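Let's take a walk through a protein model together. Keep the picture open as you read, and look for each part when it comes up.

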Amino acid sequence: MLDINTVLEVLRPVQDPELQKSLVELNMIRNIQIKGGEISFTLVLTTPACPLREFIVEDCQKAVKQLPGVETVVVDVTAETPQQKALPDRQGIPGVKNILAISSGKGGVGKSTVAVNVAVALARMGAKVGLIDADIYGPNDPTMLGLADAQVVVQQSPQGEFLEPAFNHGVKLVSMAFLIDKDQPVIWRGPMLNGVIRQFLYQVNWGELDYLLVDMPPGTGDAQLTLAQAVPMSGVVIVTTPQLVSLLDSRKGLKMFQQLGVSVLGIVENMSYFIPPDAPEKKYDIFGSGGGAKTAQELGVPLLGSIPLEMPVREGGDIGVPIVISDPNSAAALELTAIAQRIAGKVSVFALT
């Protein structure tokens, strides 16, 4: 006789590949139903962007089909993103499960391009995503998200004034660009910078979010220190290029976050090689090669991915349609999507272990 306990027992050896724990023990198998020779159940993943989704479903189906009398196995896949662990000296944001920074040691490495495309990729996979453009002196995320002309609204509440974020491509966004004129320079000292970052964290109506990404300014200054000391962070992603001067600065940025007790999720190597549009089969190592992998190995952190330099990446940023939307099958978009999945997987592992 087939019953729920029998199905659970045969599924017990099936593990989440990243957490290396039983799906049954993790309560990821729910709503088991038995109708004759058909077994159906819900598989609750730890992120909508799970990179191993198909493999887990296949392992579940193989396990259940071993039972005598089973003809069909139907797996309904959903996700519940785990909440990052609280820290006693950090203030979380109500409704926001995970806060992670996209940072770099120096400017010009495509950090904002990576942040915007990763945010949009996560949203396209079903996650609830927000993005803080914390690069106060050079806020470009609104342009890249097609929100350059967006008008944000300040709402009154019993707790004070709250900013309503702009929204496009599935991502909620706040940026200094919404609060100043287009050509107005931000001439601020550190305390004012710290204040606006805290406002973007705590005085914005974020609602329920699986991931809040923070696009940091370059370097190792006040903004990084403020973020690391204010909120419990799920981790940081360091963006670099293969070029030596970029790698040297990225190492400093990585070490800074480690000293502040923030987990480094990994390194993203941007502009790894150039793909000419008239000869897509060719690759040119304009900024060198292998630097990101070597740095990751030396520092003991993962290389999350290597993004090629393609003209549509720049074009998508300029017109406000990120490449993961405008050309999702391009080499850069596929790599950015894979990077988003790897980031989400690591965030879940850190939250549950």
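**A charge over a ring, then sheets and a cavity**

Start with one side-chain contact: the charged end of Lys283 sits over the ring of Tyr273, 4.7 Å from the ring's centre. Keep in mind that you're looking at a predicted model. What about rings meeting other rings? When you describe a pair of aromatic rings, you give the distance of the centres and the angle of the planes. Here, though, with ring centres required to lie within 6.5 Å, the count of aromatic pairs comes to zero.

Now for the strands. Find the open sheet of eight strands, and read across it in the order β10-β11-β7-β12-β6-β13-β14-β15. The pairing in this sheet is mixed. Its edge strands are β10 (166-168) and β15 (303-306), and each of them pairs on one side only. If you step from strand to neighbouring strand in this sheet, you'll find them turned by 20 degrees against each other on average, ignoring direction.

Let's zoom in on one pairing from that order. Strand β6 (residues 99-103) and strand β12 (residues 211-215) run parallel, and four bridges join them. To see where they line up, look for Ala101, which stands opposite Val214 in β12.

Next comes an open sheet of three strands, in the order β3-β4-β5, again with mixed pairing. Why is one side of β3 and of β5 left without a neighbour in the sheet? Both β3 (29-35) and β5 (72-79) stand at the edges and have a single partner strand each, so there's no neighbour on the other side. The twist in this sheet averages 15 degrees from one strand to the next. Take β4 (residues 38-45) as your example: this strand runs parallel to β5, with eight bridges between the two. One spot to pick out is Thr42, whose bridge partner in β5 is Asp76.

For a pair running the other way, go to β8 (residues 153-157) and β9 (residues 160-164), which are antiparallel and joined by five bridges. A hairpin takes you from β8 to β9 through two residues. Across this pair, you can spot Gln156 opposite Glu161 in β9.

Finally, let's look for empty space inside. How many cavities of 30 Å³ or more does the structure hold? There's one, and the largest cavity has about 30 Å³ of space in it. Its lining is made up of Thr113, Val116, Asn117, Met144, Val313, Gly316, Gly317 and Pro322. Two helices, α3 (111-124) and α9 (311-319), are the elements that give two or more residues to that lining. And what kinds of residues are they? The lining divides into four nonpolar and four polar residues, with no charged ones.

Conventions. Residues numbered from 1 in each chain as written. Predicted model: local features only at pLDDT ≥ 70, side-chain atom pairs only at ≥ 80, totals over all residues. Heavy atoms only, no water. Phe/Tyr/Trp six-rings, centres within 6.5 Å; stacked < 30°, edge-to-face > 60°. Lys NZ or Arg CZ within 6 Å of the ring centre and 35° of its normal. 1 Å grid on protein atoms, 1.4 Å probe; cavity = no way out; pocket = protein on both sides within 12 Å on 5 of 7 lines; lining within 4 Å. Points joined across faces, edges and corners; volume = space filled by probe spheres on them. Nonpolar A, V, L, I, M, F, W, Y, C, P; charged D, E, K, R; others polar. Pairing = 2+ DSSP bridges. Axes fitted to C-alpha atoms, helices over the stretch in contact; angles between N-to-C directions.
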